[in-house]
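Here's a walk through one protein model, going from the overall fold down to a few individual side chains. Keep the viewer open and follow along.

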Amino acid sequence: MLFEPDILLASQYGTARPPDSPCRRLVAAVLERALLDAVGRTARQIDRDDALAWFASEDEAPFSFRWLAAQLGFDAEWLRGRIRELQHAGSLRTAVAALVAPTVESKTRRAA
């Protein structure tokens, strides 16, 4: 879902390919770890905060988010938007679960 393009143009098809060299695989692995830390269900809060700060950074040094996105052919702003969507969807799921859970508990207590 995260990497599903809104629209894939013919010019983007060539850059949207799996890593084919050890260097590109390393860069892809760094991005994958950051994504799991930022929006993964099992990430610790400290790792989540670090990953989100890394994604928000405007630094262009090697292994910064903007540099990494350029190496893999991703639009950094598009990827940031996808991450925000997932964060928002996750926070909505948590909010809905918090609202529904007390209702389910109270029904089971009444039934007992």
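What follows starts with the whole chain and then works inward.

First, a caveat: this is a predicted model. The secondary structure is quick to describe, with five helices and zero strands. Read along the sequence, that gives the pattern α-α-α-α-α. There are 112 residues in the protein, and 21% of them are buried. The accessible surface comes to about 8,000 Å², and carbon and sulfur atoms account for 61% of that. As for how the chain meets itself, take the contacts between residues at least 6 apart in sequence: 55% of them join residues at least 24 apart.

Now for the inside. The largest nonpolar core has 14 residues, and the members that touch the most others are L31, F55 and F65. Four helices each put at least two residues into this core: α2 (22–39), α3 (45–56), α4 (65–72) and α5 (76–111). Which of them gives the most? That would be α2, with five residues.

So let's look at α2 itself. This helix has 18 residues and spans 26 Å from its first C-alpha to its last, close to the 26 Å expected at 1.5 Å a residue. Its buried residues are R24, V27, L31, A34, L35, D37 and A38. Look down the helix axis and you'll find these buried residues within an arc of 170 degrees, so they line one face of α2. One of them, L31, is also among the core members with the most partners.

Next up is α3, with 12 residues. From first C-alpha to last it reaches 16 Å, again close to the expected value, 16 Å at 1.5 Å a residue. Here R48, A51 and F55 are buried. Down the axis of α3, the buried residues fall within an arc of 70 degrees, so they too line one face of the helix. Turn to the face pointing away from that buried side and you meet the exposed residues I46, D50 and A56.

A51 is a handy place to see how α3 meets α2. It sits in helix α3 and has a relative accessible area of 7%, under the 20% cut-off, so it counts as buried. Leaving out neighbours within four places in sequence, A51 is in contact with A34, D37 and A38. Those three residues are on the list of buried positions in α2. If you'd like a backbone distance to check, the C-alpha atoms of A51 and L36 are separated by 8.8 Å, with their positions 15 residues apart along the chain.

On to the aromatics. The structure holds four aromatic pairs. One of them is W54 with F65, an edge-to-face arrangement at 5.6 Å centre to centre, with 70 degrees between the planes. W54 lies in helix α3 and F65 in helix α4, so this pair ties together parts that are 11 residues apart in sequence. F65 also pairs with F55: their ring centres are 5.0 Å apart and the planes sit at 70 degrees, so this pair is edge-to-face as well. F55 belongs to α3 and F65 to α4, 10 residues apart, and the pair links distant parts of the chain. Both F55 and F65 are buried, and F65 has a relative accessible area of just 1%. Put the rings together and W54, F55 and F65 form one aromatic cluster.

Finally, have a look at the loop between α3 and α4. S64 is found there, and at 6% relative accessibility S64 counts as buried. Beyond residues up to four places away in sequence, S64 touches W54 and D59; W54 is the cluster member we just met. F63 lies in this loop as well. Is F63 buried, partly exposed or exposed? At 38% relative accessibility, F63 counts as partly exposed. Its backbone deserves a glance too. Most residues other than glycine have a negative phi. F63 is not a glycine, yet its phi is positive, at about 70 degrees.

Key
Residues numbered from 1 in each chain as written. Predicted model: local features only at pLDDT ≥ 70, side-chain atom pairs only at ≥ 80, totals over all residues. Heavy atoms only, no water. Core = buried A, V, L, I, M, F, W, Y, C linked by side-chain atoms within 4.5 Å. Buried < 20%, exposed > 50% of the residue type's maximum accessible area, 1.4 Å probe, protein only. Phe/Tyr/Trp six-rings, centres within 6.5 Å; stacked < 30°, edge-to-face > 60°. Expected span 1.5 Å × (residues − 1). Arc of directions from axis to C-beta. Contact = heavy atoms within 4.5 Å. Areas by Shrake-Rupley, 256 points an atom, 1.4 Å probe, with all protein chains shown as cover.
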